[in-house]
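Q: I am new to this structure and would like a close look at a single part of it. Could you walk me through one salt-bridge network and its surroundings in a connected way?

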There are 2 protein chains.
Amino acid sequence: MGAPKHSPAFDEARADDEADEGAVMTTRTSRALDHPAREEIRLEGVLHAFSDPMRLLIVRALAAEAEAAQSCSVFDLPVSKSTLTHHFRVLRENGVINQIYRGTAKMNSLRRDDLDALFPGLLDSVLTAYASQSARIGDGRDQAAEG
Amino acid sequence: MGAPKHSPAFDEARADDEADEGAVMTTRTSRALDHPAREEIRLEGVLHAFSDPMRLLIVRALAAEAEAAQSCSVFDLPVSKSTLTHHFRVLRENGVINQIYRGTAKMNSLRRDDLDALFPGLLDSVLTAYASQSARIGDGRDQAAEG
DNA sequence: CTGCTCATACGATAACCCTCGTACTACGAC
DNA sequence: GTCGTAGTACGAGGGTTATCGTATGAGCAG
């Protein structure tokens, strides 16, 4: 699989678009994260990102709160923080999510516009399919009682 | 990936043909291949099966000739026979395709009914997305000349 | 400044995947 | 029976992934 390797190149901080009228504006989102451009997103990469149960969980949670980005820590997943960081990175590098720093937190949101533009219906199909499957067999979180 | 591990005692299908117990034997395809039942098909597995370029090629070819199953050898893929067998197995074990023996040949067909029933729209989304992406950047087969 | 929290980086480990070549079996034709 | 064709099994290689623990850096509250 020719997944994109981790490139050490970092873009300059161009996160100064949010004009802050507040008094406190010491430092805001100085670190930048590199996301693939819309044209760079590959179907295989997106499908690979979707093919992990943990990441499917994340995507579903993100889709449920599409209007508001969420920090990495609001997810109640049975993995360590390191693993979570890994999964978020996979999702970001494959163009599935957008991550921006906001103070110490990092807010995540689905790149719905890009995915819908590139692969119409795909994200919805996957989300619907996942919901349907979770209803059938549970998703390993709180559906443990199926007998 | 935490999805289905490969058990060491998995490939028992060939010895389990049970043809002697009054089987009708209308055809000589005594070798049986184990496919997951519809309820056994997992979304992660299907997405994983789709997340490989070679398998995407196979799925597209199968979808193009949906009415007729095709043997493994009609695919003109730049991989060895062993690798092809591997990919077909992944597709079969994840519920994407159906394989039946027909003499020395093995006919492959998409499990469209099952996939559509379980995950409505997913297969079409993937096929459409793949066609669209192939038109954009080529898939290494027939879109090589874009200039 | 010190401490705290969020998240990353860095190894490290174990498992997995894609690819291959070679040897083998199953089926049909001669 | 012998041969050829279609596909598998086995075992290996090289690379990737998922998971973890621990150490580190960035930002905020005292």
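A: Here is a walk from the whole chain to the network and then on to its surroundings.

This is a predicted model, in which local features need pLDDT of at least 70 and side-chain atom pairs count only at pLDDT 80 or more, while totals for chains, interfaces and linings use all residues. Residues are numbered from 1 along each chain as its sequence is written, chains are lettered from A and ligands numbered from 1 in the order in which they are written, and side-chain values use heavy atoms, with hydrogens and water left out.

Let us start with chain A as a whole. Its secondary structure comes to five helices and three strands (DSSP runs numbered from the N terminus, with H or I over at least four residues for helices and E over at least two for strands). From the N terminus, the order is α-α-β-α-β-β-α-α. Chain A has 147 residues, and 40% of them count as buried; buried means under 20% relative accessible area, exposed over 50%, and partly exposed in between, using a 1.4 Å probe and protein chains only.

Now to the network. Salt bridges that share partners join Arg38(A), Arg111(A) and Asp114(A); a salt bridge here is a side-chain nitrogen of Lys or Arg within 4 Å of a carboxyl oxygen of Asp or Glu. Arg38(A) pairs with Asp114(A), their closest N and O atoms being 2.6 Å apart. That pair links distant parts of the chain, since Arg38(A) sits in the segment before α1 and Asp114(A) in helix α4, 76 residues apart. Asp114(A) also meets Arg111(A) in a salt bridge, at 2.9 Å from N to O.

How covered are these three residues? Arg38(A) is partly exposed, at 33% relative accessibility. Asp114(A) is buried, with a relative accessible area of 15%, and Arg111(A) is buried too, at 8%.

Arg111(A) deserves a second look. This residue lies in the loop between β3 (105–110) and α4 (112–118) of chain A. A polar atom of the Arg111(A) side chain lies 2.9 Å from the backbone oxygen of Pro36(A). Leaving out residues up to four places away in sequence, Arg111(A) touches several others, including His35(A), Arg38(A), Ile41(A), Val96(A) and Asn98(A); contact means heavy atoms within 4.5 Å.

Next door in sequence, Arg112(A) has a salt bridge of its own with Asp124(A), the closest N and O atoms being 3.4 Å apart. This pair joins helix α4 to helix α5 (residues 122–137), across twelve residues. Arg112(A) is partly exposed at 25%, and Asp124(A) is partly exposed at 40%.

Ile41(A) and Val96(A), both touched by Arg111(A), lead us to Val46(A), whose contacts beyond four places in sequence include those two residues along with Asn94(A), Leu115(A), Phe119(A) and Leu122(A). Val46(A) belongs to helix α1 (residues 43–50) and is buried, with a relative accessible area of 1%. Its C-alpha is 5.7 Å from that of Asn94(A), although the two are 48 residues apart in sequence. The helix around Val46(A) is mostly covered: eight of the eight residues of α1(A) are buried.

How values were computed:
A polar contact is a pair of N or O atoms within 3.5 Å; within protein, one must be able to donate a hydrogen and the other to accept it, and residues adjacent in sequence count only if both atoms are side-chain atoms.
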